[in-house]
Amino acid sequence: MADADLILVGGGLANGLLALRLRQQRPDLRLLVLEQGDTLGGNHTWSYHEHDLTPAQHRWLEPMVGQRWPDYEVIFPDLQRRLGSGYASIFSERFHRYLMSELSDGVRLRTTVASVEPQRVRLASGDILQAGAVIDGRGVRRSAQLALGFQKFLGQELRLQQPHCLQAPIIMDASVAQQDGYRFVYVLPLSVDSLLIEDTYYADGDAVAPETLRANIQRYAEGRGWAIREVLREEQGVLPIVLSGDIAAFWDEARGVPQSGLSAALFHPTTGYSLPDAVRLADHLVALDRWDAGSLFAAIRDYSTLQWRRRGFFRLLNRMLFMAGPADRRWAVMQRFYRLREPLIQRFYAAELTAWDRLRIVSGKPPVPVGEALRALAASNLHKDRR
């Protein structure tokens with residue numbers, strides 16, 4: 001007797017949204033979510049743009065949304081721009097509360113998994129759970145089949161001593177001193193006197209120096225005239241930015257175990273945003289009529305592979321960002337991008353660029369040395385060179 005029709009290992013964003021969508025649309029399936037932490041979603045903030053999702057997707061996501069804004073701002077050394085596209089964020093505390101209210105009978109917290117197979121999970125306790133299929137959604141799956149750069153960050157939710165007067169999120173403030181690659185500060189206004197400030201880097205290495213990033217946040221707040229009363233919360237992370245890879249070999253390494261989220265290579269290749277892909281995967285899988293491990297693995301692998309092939313241009317842009325020109329001038333690539341028309345920028349974040357969009361992005365004089373730009377464009381086999 002199987003313990004569930006479907007076991008989802010890891011209670012993060014992708015598996016959490018998938019479990020919710022299945023509970024809503026396929027209540028006949030017996031679900032079990034295994035999470036080693038005390039809460040679903042951990043300690044994270046997930047954001048997305050208005051045009052990343054369909055109206056129907058916005059509706060089913062709405063109960064988890066913690067904050068919405070009608071526009072956002074970007075700041076560079078020679079450019080400051082307000083864009084009129086909506087922006088929203090989900091915070092893990094609300095994510096956990098809502099999912100537990102919908103899925104509580106199908107969630108096991110504080111459960112450590114020792115190993116995963118297509119239809120079986122071995123727990124650290126020695127217990128074995130059986131299911132028709134298992135989905136592994138425990139985050140980034142390191143692989144020699146991918147050449148990566150990294151987006152690393154540390155964020156602090158701060159309460160200030162006075163109102164900050166910030167009306168819209170600043171999703172990139174690259175006017176700050178450049179360190180360890182392309183650096184920018186990300187700011188979300190949460191209430192009249194509270195903010196989330198993240199110090200973020202597009203860097204070649206994945207090492208994080210928390211004390212340095214905390215000091216940077218302190219200096220940034222002081223520079224804006226914001227006096228900090230208290231630190232309410234802190235989060236940090238390292239996201240993969242793919243430069244090149246072999247997607248078929250990457251999936252072969254999964255050995256038949258269905259994957260989700262970052263471990264399925266489902267995230268925006270350039271920004272690292274993962275929520276839109278998690279929503280799309282959930283909707284894609286809800287429509288399946290077979291839930292055995294083999295069929296589920298093939299469906300997710302084929303879906304992931306299709307997205308990979310459609311997004312090759314983004315990996316080319318990533319190589320431009322990481323390989324062309326000195327690290328402390330990488331901001332010029334993004335500054336040039338943000339001078340483009342807003343509908344193109346919307347399609348960029350939604351990962352739905354047209355052929356004309358791609359031509360427009362690379363046309364004209366590049367903001368980096370031409371020779372290095374051409375070398376980055378041609379370096380499509382970095383994953384092989386780095387082995």
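Visitor: How many helices and strands make up the secondary structure of the chain?

Guide: What you see here is a predicted model. Its chain has a secondary structure that comes to 13 helices and 16 strands.

Visitor: What does the radius of gyration say about how compact the chain is?

Guide: The globule rule gives 21 Å for 387 residues. The chain is as compact as a globular protein of that length, because its own radius of gyration is close to that value, at 21 Å.

Visitor: What does the C-alpha trace span along its principal axes?

Guide: Happy to add that to the picture. Of the 387 residues, 57% count as buried, and the accessible surface comes to about 16300 Å². Along the principal axes, the C-alpha trace spans about 65 × 50 × 40 Å.

Visitor: Which share of the contacts with a separation of 6 or more comes from residues 24 or more positions apart?

Guide: Here we set aside contacts with a separation below 6. Among the contacts that remain, residues 24 or more positions apart account for 76%.

Visitor: Is strand 7 enclosed by the rest of the structure or exposed?

Guide: Let us look at both faces of the strand. Y87, S89 and F91 are buried on one side, and A88 and I90 are buried on the other. With 5 of its 5 residues buried, strand 7 (residues 87–91) is therefore largely enclosed.

Visitor: Which strand is joined to strand 7 by 5 bridges?

Guide: Two antiparallel pairings are worth following. Strand 4 (residues 65–69) pairs with strand 7 over 4 bridges, and in that pairing R68 stands opposite A88. The strand joined to strand 7 by 5 bridges, also antiparallel, is strand 3 (residues 45–49).

Visitor: Which residue of strand 7 stands opposite S47?

Guide: S47 is found in strand 3, and counts as buried because its relative accessibility is 9%, under the 20% cut-off. Its contacts beyond four places in sequence include Y87, A88, Y186 and L275. Standing opposite S47 in strand 7 is S89.

Visitor: How many salt bridges does a search of the whole structure find?

Guide: One of them joins the side chains of R159 and E230, at 3.8 Å from N to O. A search of the whole structure brings the count to 24.

Visitor: How many residues apart are R159 and E230?

Guide: This pair links distant parts of the chain. R159 lies in strand 12 (residues 146–160) and E230 in strand 16 (residues 228–245), which puts them 71 residues apart.

Visitor: Are R159 and E230 buried, exposed or partly exposed?

Guide: Buried ends at 20% relative accessible area and exposed begins over 50%. R159 has 26% relative accessibility, while E230 has a relative accessible area of 37%. Each value falls in between, so R159 and E230 count as partly exposed.

Visitor: Which strands hold R183 and D199?

Guide: The side chains of R183 and D199 meet in a salt bridge at 2.8 Å, N to O. The pair ties together parts that are 16 residues apart in sequence, because R183 lies in strand 14 (residues 182–191) and D199 in strand 15 (residues 194–203).

Visitor: Are R183 and D199 buried or exposed?

Guide: Their relative accessible areas are what decide this, with buried meaning under 20%. For R183 and D199 alike, the outcome is buried.

Visitor: Which residue forms a salt bridge with R330?

Guide: R330 counts as buried, because its relative accessibility is 5%. The closest N and O atoms of the pair are 3.5 Å apart, and the partner of R330 is D204.

Visitor: Where do R330 and D204 lie?

Guide: The two residues are 126 residues apart and link distant parts of the chain. R330 is in the loop between helix 8 (312–323) and helix 9 (331–337), and D204 is in the loop between strand 15 and helix 4 (210–223).

Visitor: What span should helix 7 have?

Guide: Helix 7 (residues 293–310) has 18 residues, with L296, F297 and W308 among its buried ones. Its end C-alpha atoms are 26 Å apart, which agrees with the span expected at 1.5 Å a residue, 26 Å.

Visitor: How many residues of helix 1 are buried?

Guide: Helix 1 (residues 13–25) has 13 residues and reaches 18 Å from its first C-alpha to its last. Its buried residues include L13, N15 and R21. The helix is largely enclosed by the rest of the structure because the buried residues number 10 of the 13.

Notes. Residues are numbered from 1 along each chain as its sequence is written. This is a predicted model: local features need pLDDT of at least 70, side-chain atom pairs count only at pLDDT 80 or more; totals for chains, interfaces and linings use all residues. Side-chain values use heavy atoms; hydrogens and water are left out. Buried means under 20% relative accessible area, exposed over 50%, partly exposed in between (1.4 Å probe, protein chains only). Two strands pair if DSSP finds at least two bridges between them. A salt bridge is a side-chain nitrogen of Lys or Arg within 4 Å of a carboxyl oxygen of Asp or Glu. The expected span of a helix is 1.5 Å times one less than its number of residues. The radius of gyration is taken over C-alpha atoms; the globule rule is 2.2 Å times the number of residues to the power 0.38. Contact means heavy atoms within 4.5 Å. Accessible areas come from the Shrake-Rupley method with a 1.4 Å probe; for residues, only the protein chains shown count as cover.
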